[in-house]
Amino acid sequence: MSETVMTGVYLSNHPVILDKMALLREKNTPPREFRRLLHEISLLLGYEAMRDLPGIKRTIETPLTVTEAEVLAVKPLFVPILRAGIGMVEAMLQLVPDGGVGHIGLYRDHDTLLPVEYYVKLPKDLRGMHAFMLDPMLATGGSAAYTAEILMERGVDQITMISLVSAPPGINRLKVSCPEVRIFTAALDPELNDRGYIVPGLGDAGDRLYGTEGWS
């Protein structure tokens, strides 16, 4: 259950998601619990985001007769933005086990707040595919816009962003790079701080996911 808050942006108002998001935001939620909540929210958002995937009719045989059934016409491609996006992949594959997975590794330079690419591994032919970009946070939008541009250059037909927490600067920047992108999110937070973190947000999703906060 979601509402359209601006063109192509869908904000979940499902009470189960809202409840899980409250627990995810809590600063004392340990990494093990954070991973579980991230998985569960991603699963619910992914279900909603994939509702318009095209289907085709196929003849199948049930224990009683032969009938027509609808199956996915094209399997989706899931593209986690490393590293935090990895925590969302298993939920997507739980929904579509035959979906493809590509990886784009980016980190944000803490001085410029710009994305720096360090790894790209995608299927050779992306023409006609629907790609789902996965990142728990859509903050400045730099990494999401960079990823969308890579996918478009390689011929992806449609792009959907799934992000647990989004902020207007990130949404706007992604929309400039890829106007047709659809964004599904569980929270729309109002602003970024001077370090580019979403406020109120949930902190650094990667650190909280993997328990690396404070590591050098």
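# Loops, prolines and a tyrosine patch

Student: Arg83 sits in the loop between β5 (77-82) and α3 (86-95). Is the peptide bond from Leu82 to Arg83 cis or trans, and what is its omega?

Tutor: Keep in mind that we're looking at a predicted model. The bond leading from Leu82 into Arg83 is cis. Its omega is near 10°.

Student: And which residue follows Val199 across a cis peptide bond?

Tutor: Look in the loop between β14 (198-199) and α6 (205-210). The cis bond out of Val199 has omega near 5°. The residue it leads to is Pro200.

Student: Which residues is Pro190 in contact with, leaving aside its neighbours within four places in sequence?

Tutor: Pro190 belongs to the loop between β12 (182-188) and β13 (191-192). One of its partners is 22 residues away in sequence, yet 6.8 Å away from C-alpha to C-alpha: that's Pro168. The full set of contacts is Pro168, Val199 and Pro200.

Student: Is Pro190 buried or exposed?

Tutor: The cut-off for exposed is over 50% relative accessible area. Pro190 has 59%, so it counts as exposed.

Student: How does Tyr118 count, by its relative accessibility?

Tutor: Tyr118 lies in strand β8 (residues 115-121), and its relative accessibility is 47%. Buried needs under 20% and exposed needs over 50%, so a value in between has its own class. That makes Tyr118 partly exposed.

Student: What is the area of the nonpolar surface patch that Tyr118 helps make?

Tutor: Tyr118 shares the patch with Tyr107 and Tyr119. Together the three tyrosines make a nonpolar area of about 350 Å².

Student: Over what arc do the buried residues of helix α5 spread around the axis?

Tutor: In α5 (residues 168-177), the buried ones are Gly170, Ile171, Leu174 and Lys175. They end up on the same side of α5, because the arc they cover is only 130°. An α-helix has 3.6 residues a turn, so residues three or four places apart point the same way. The arc, again, is 130°.

Student: Zooming out, what is the radius of gyration of the protein?

Tutor: The secondary structure comes to 6 helices and 14 strands. For 216 residues the globule rule gives 17 Å, and the protein comes close to that, so it's as compact as a globular protein of that length. The radius of gyration is 18 Å.

Student: Last one: what percentage of contacts between residues at least 6 apart in sequence join residues at least 24 apart?

Tutor: For some background, 45% of the 216 residues count as buried. Among contacts between residues at least 6 apart, the share joining residues at least 24 apart is 62%.

Technical notes:
Residues numbered from 1 in each chain as written. Predicted model: local features only at pLDDT ≥ 70, side-chain atom pairs only at ≥ 80, totals over all residues. Heavy atoms only, no water. Patch = residues over 30% accessible without salt bridge, like charges linked within 9 Å, V, L, I, M, F, W, Y side chains within 5 Å. Areas by Shrake-Rupley, 256 points an atom, 1.4 Å probe, with all protein chains shown as cover. Salt bridge = Lys/Arg side-chain N within 4 Å of Asp/Glu carboxyl O. Helix = DSSP H or I, 4+ residues; strand = E, 2+ residues; numbered from the N terminus. Buried < 20%, exposed > 50% of the residue type's maximum accessible area, 1.4 Å probe, protein only. Rg over C-alpha atoms; globule rule 2.2 N^0.38 Å. Contact = heavy atoms within 4.5 Å. Arc of directions from axis to C-beta.
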